[in-house]
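Visitor: I'm new to this one, and I'd rather see one part properly than race through everything. Could you pick a spot, look at it closely, and then show me how it connects to the rest?

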Amino acid sequence: NNLRNVLENFGYVAITGGDATLTDLKISRDRYPDIPSALLEKGYRLRTFTSSGVSLEDYFFSLVGDKL
């Protein structure tokens, strides 16, 4: 399996140079550790793994105002 095939199980993949970015994730936040585990299992070495962004709830409240 190539890198793209492994990562497409988790979301949309964009590969630029030596960096891979996942967006539109298909998994819940509690399963994020599955991503580096799957890569390591296939023999890939990771330089860094970070998650960023906001939850859908936080994004919604940023549009409509503070939580009640």
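Guide: Let's begin with Y12, whose bridge partner in β2 is T23. That pair belongs to a set of five bridges joining strand β1 (residues 12-16) to strand β2 (residues 19-23), and the two strands run antiparallel. Strands pair here if DSSP finds at least two bridges between them. The element names come from DSSP runs numbered from the N terminus: helices are H or I with at least four residues, strands are E with at least two.

Before we go on, some ground rules: this is a predicted model, where local features need pLDDT of at least 70 and side-chain atom pairs count only at pLDDT 80 or more, while totals for chains, interfaces and linings use all residues. Residues are numbered from 1 along each chain as its sequence is written, and side-chain values use heavy atoms, with hydrogens and water left out. The pLDDT, the predictor's confidence in each residue from 0 to 100, averages 86 over the protein, and 93% of the residues score at least 70. Confidence is highest in helix α2 (residues 34-41), at a mean of 95, and lowest in helix α3 (residues 56-64), at 76.

Back to our strands. β1 and β2 form a hairpin with two residues between them, and G17 in the turn has a positive phi of about 60°. Follow the chain past β2 and you meet D24, in the loop between β2 and α2. Its phi is near 50°, a positive value in a residue other than glycine. Most residues other than glycine have a negative phi. D24 is also exposed, at 65% relative accessible area; exposed means over 50%, buried under 20%, and partly exposed in between (1.4 Å probe, protein chains only).

The loop leads us to α2, where I35, P36, A38 and L39 are buried. Seen down the helix axis, these buried residues fall within an arc of 160°, so they line one face of α2; the arc is that of the directions from the axis to the C-beta atoms. On the other side, L40 and E41 are exposed. What covers the buried residues of α2 includes α1 and our strand β2.

Take I35: leaving aside residues up to four places away in sequence, I35 touches L7, F10, L22, I27 and F49, a contact being heavy atoms within 4.5 Å. I35 is also in the largest nonpolar core, nine residues that include V13 and Y32. Such a core is a set of buried Ala, Val, Leu, Ile, Met, Phe, Trp, Tyr and Cys residues joined through side-chain atoms within 4.5 Å. α2 gives the most to this core, with three residues.

One more link starts from β2. D19 forms a salt bridge with R47, their closest N and O atoms being 2.5 Å apart; the term asks for a side-chain nitrogen of Lys or Arg within 4 Å of a carboxyl oxygen of Asp or Glu. Since D19 lies in strand β2 and R47 in the loop between α2 and α3, the pair ties together parts that are 28 residues apart in sequence. D19 is partly exposed, at 43% relative accessibility, and R47 is exposed, at 66%. The structure holds two salt bridges; one of them joins R31 and D34, with the closest N and O atoms 2.8 Å apart.
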